[in-house]
Amino acid sequence: SLGLKSPKTFVRLSDAKKALETGELHFPLFMKPRWGSGSIGLESIADMEELDIYYHLLMKKIKKTILATVSVGDEYILIQEKLTGKEFGLDVMNDLEGNNVAVSVKQKLAMRAGETDKAITVDLPEVREMGKKIGATLKHIGNLDVDVMQNENGEYCVLELNPRFGGGFPFSYEAGVNLPKAIIEWVRGTNVNPDILQPTYGKMFAKNDYLMEIK
């Protein structure tokens, strides 16, 4: 309704097949549980045979989990246009009154278990404006984690909205975005310097794991 693009998505196998027949949808596709986490159950679908096999296999698995209690009818699975362009993560920041105050954009360079593992802050006004439009309309409080990806024509499409501090926020924070401090100041009723919500562009970071002895 805001005029933002998103990948073509279907929640019924029959509707996806009809779209394939009419040319509205084409392979390759993505398939994933409608409710999930960490890219669990995500499959790349190359043809009609794989569509049938993976759909029925994933449906069988889902019905053995708690996810079977949160859906209606056969709408357990998303069948989606596969986007192949660059992927971006947005931190859409609103104040305690729901006013949009800043948007930080990062290009995702590597993913692990559905979470951003390596990223770089970028200056993309078009993508930033998408975040501003979402924040100004939803009027959420605090941070909204938004995933954006390019389609084959280079157009930016909104993939997901996660109303929380997402796994990609540390990349914004290390680049200078101090939203936690801003929230504390808003609660105190003091003014916030908008500069503390603006990232330095071109800052690249990667997450790192350490082995620790448990005693």
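Here is a chat between two people about a predicted model of a protein chain.

Colleague: Let's start broad. How many helices and strands are there in the protein chain?

Modeller: DSSP gives five helices and 10 strands. Bear in mind that this is a predicted model.

Colleague: And what box do the C-alpha atoms fill?

Modeller: Roughly 55 × 55 × 35 Å, taken along the principal axes.

Colleague: What share of the residues counts as buried?

Modeller: 39% of the 215 residues. The chain exposes about 12,400 Å², and carbon and sulfur atoms supply 52% of that area.

Colleague: What about charges? How many positive and negative side chains does the chain have?

Modeller: There are 27 positive and 30 negative ones, and the centres of the two sets lie 3 Å apart.

Colleague: Switching to contacts: if I take pairs at least 6 apart in sequence, what percentage join residues at least 24 apart?

Modeller: That comes to 57%. F10 gives an example of residues far apart along the chain: its C-alpha atom is 5.8 Å from that of L78, with their positions 68 residues apart in the numbering.

Colleague: Where is F10 found, and is it buried or exposed?

Modeller: F10 is in strand β1. The residue counts as buried because its relative accessible area is 13%, and the cut-off for buried is under 20%.

Colleague: What does F10 touch, beyond its neighbours in sequence?

Modeller: Not counting residues up to four places away, F10 touches D15, A16, A19, E24, L25, I77, L78 and I79.

Colleague: Let's go to helices α1 and α2. At what angle do they pack?

Modeller: About 170°, with the axes 12 Å apart. So α1 is roughly antiparallel to α2. On the α1 side the contact is made by L13, K17 and L20, and on the α2 side by M48, L51, D52, Y55 and H56.

Colleague: Which residues do those helices span?

Modeller: Helix α1 covers residues 13-22 and helix α2 covers 48-62.

Colleague: Now backbone oddities. Which residues does a cis peptide bond join?

Modeller: F27 and P28, with omega at about 0°. P28 sits in the loop between α1 and β2.

Colleague: And what is phi of K139?

Modeller: Near 55°, which is a positive value in a residue other than glycine. K139 lies in the loop between α3 and β8. It counts as exposed because its relative accessible area is 51%, and the cut-off for exposed is over 50%.

Colleague: Then what about strand β8 itself, where D147 is found? Is D147 buried or exposed?

Modeller: D147 is buried, at a relative accessible area of 9%. The strand runs over residues 142-150.

Colleague: Which residues is D147 in contact with?

Modeller: Leaving aside neighbours within four places in sequence, the partners are F88, G89, K108, C157, V158, L159, E160 and N162. The C-alpha atoms of D147 and K108 are separated by 9.7 Å, and the two residues are 39 apart along the chain.

Colleague: Last one, the start of the chain. Where is L2 placed?

Modeller: In the segment before β1. At 31% relative accessibility, L2 counts as partly exposed.

Colleague: Which residues is L2 in contact with?

Modeller: K133, I134 and T137, again leaving aside neighbours within four places in sequence. L2 and I134 are 132 residues apart along the chain, and their C-alpha atoms are separated by 8.1 Å.

Key. Residues are numbered from 1 along each chain as its sequence is written. This is a predicted model: local features need pLDDT of at least 70, side-chain atom pairs count only at pLDDT 80 or more; totals for chains, interfaces and linings use all residues. Side-chain values use heavy atoms; hydrogens and water are left out. Helices (H or I, at least four residues) and strands (E, at least two) are DSSP runs, numbered from the N terminus. Buried means under 20% relative accessible area, exposed over 50%, partly exposed in between (1.4 Å probe, protein chains only). Contact means heavy atoms within 4.5 Å. Accessible areas come from the Shrake-Rupley method with a 1.4 Å probe; for residues, only the protein chains shown count as cover. Lys and Arg count as positive and Asp and Glu as negative; His and the chain ends are not counted. The place of a charge is taken as NZ of Lys, CZ of Arg, CG of Asp or CD of Glu. Axes are lines fitted to C-alpha atoms, for helices over the stretch in contact, and angles run from 0 to 180 degrees between N-to-C directions. Angles under 35 degrees count as roughly parallel, over 145 as roughly antiparallel, 65 to 115 as roughly perpendicular and the rest as oblique.
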